[in-house]
Amino acid sequence: AARLAPVVAWNSDDDWQWESYSRHLAPYFTYMVTTYPHIYDAHRGAFPNLLLSQWACLDTYADAGRKKDLNFTFAGQVYRNRVPELRELRQEAGLKVFGYGASRVWCPPMNNRRVREAVGKLFPRLNRPLEFHQVNEIWNRTKVSYTPMSASVNPQMLQIKSRAFEMGLSGTLMLCRNSPGLDRYYEPGREFVQFHDLKDCAERAQFYLRNESARRRIAEAYLKRTMAEHMCEHRWPALFQQIGLGTPARKVA
């Protein structure tokens, strides 16, 4: 395929998989794209085909004007190491959890694999993963979104996940830990709210649920920054120029 056109690999977990995975595949692609500036800076000399890009937002399902009838939510996959934090936030701040594995938070027996398998056979829809439009619908309806940034392979490692950009047009407030490099894209305290531990997270969620004007101000700044800098229509043309394809023609409606 590379003899006919540039072949590009776009990676999102290079903070933990660069040494074991990405670096070994890089020579087989025309270009290898990473989303981590420190990986790019450290390895671009040895890998001249390495490029830097980032996640972006797609506006297909965005609806910032949607009535915010959900207070504090998490939408996504509930990994085993997410269960204790989601359960604590549910107890302390009323967090509502949606997505694959959500029952593990409000029903402790579901943390047993055999129980999950048995229940899954009886109620196959119970643990079905959310589709992308369903996740966006939850963000569109949510005042404050809990946004975990820890890697599934290592809870102590903070990443920049796609949801940081993808929910930027929903009108929600992003509540998360300040992952390394996130402040390159959004300003803490102005465009998102950072927390230091789960107690702090619960307190901040409750504060912004009590103070709608403050919540809305940050959510609107988050929305404006996303629209101005972090849409797919910003990311892809820049990447296409780097690989020598120029800016693709816009689709005419």
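**Figure 1. Arg215 and Glu212 are set about one helical turn apart in helix H9.** Arg215 and Glu212 are three residues apart in helix H9, which spans residues 212–229, and about one helical turn therefore separates them. In this predicted model, the two side chains form a salt bridge in which the closest N and O atoms are 2.9 Å apart. The partners differ in how far they are covered: Arg215 has a relative accessibility of 3% and counts as buried, whereas Glu212, at 27%, counts as partly exposed. In general, side chains of opposite charge can pair when their charged atoms come close.

**Figure 2. Glu212 also forms a salt bridge with Arg216.** The closest N and O atoms of Arg216 and Glu212 lie 3.3 Å from each other. Within helix H9 these two residues are four positions apart, a separation of about one helical turn. Arg216 is partly exposed, its relative accessible area being 44%. Glu212 is likewise partly exposed, with a relative accessibility of 27%. Glu212 is thus seen in a salt bridge with Arg215 and in another with Arg216.

**Figure 3. Arg225 and Glu229 are joined by a salt bridge in helix H9.** The N-to-O distance in this salt bridge is 3.0 Å. Four residues, about one turn of the helix, set Arg225 and Glu229 apart in helix H9. Arg225 counts as buried because its relative accessibility of 18% falls under the 20% limit. Glu229, by contrast, is partly exposed, with a relative accessible area of 37%.

**Figure 4. A network of salt bridges links Arg190, Glu191, Arg225 and Glu229.** The pair formed by Arg225 and Glu229, with a distance of 3.0 Å from N to O, belongs to this network, which also includes Arg190 and Glu191. Of the residues in the network, Arg225 is buried at 18% relative accessibility, and Glu229 is partly exposed at 37%. The structure as a whole holds nine salt bridges.

**Figure 5. Glu88, Glu92, Asp197 and Glu203 form a negative surface patch.** One of the members of the patch, Glu92, is placed in helix H3, which covers residues 83–93. Glu92 counts as partly exposed, with a relative accessibility of 44%. This value is over the 30% relative accessible area that a patch residue needs, and Glu92 therefore meets that condition. The other residues that make up the patch are Glu88, Asp197 and Glu203.

How values were computed. Residues are numbered from 1 along each chain as its sequence is written. This is a predicted model: local features need pLDDT of at least 70, side-chain atom pairs count only at pLDDT 80 or more; totals for chains, interfaces and linings use all residues. Side-chain values use heavy atoms; hydrogens and water are left out. A salt bridge is a side-chain nitrogen of Lys or Arg within 4 Å of a carboxyl oxygen of Asp or Glu. Buried means under 20% relative accessible area, exposed over 50%, partly exposed in between (1.4 Å probe, protein chains only). Patches are made of residues with over 30% relative accessible area and no salt bridge: like charges are joined within 9 Å, nonpolar side chains (Val, Leu, Ile, Met, Phe, Trp, Tyr) within 5 Å. Accessible areas come from the Shrake-Rupley method with a 1.4 Å probe; for residues, only the protein chains shown count as cover. Lys and Arg count as positive and Asp and Glu as negative; His and the chain ends are not counted. The place of a charge is taken as NZ of Lys, CZ of Arg, CG of Asp or CD of Glu.
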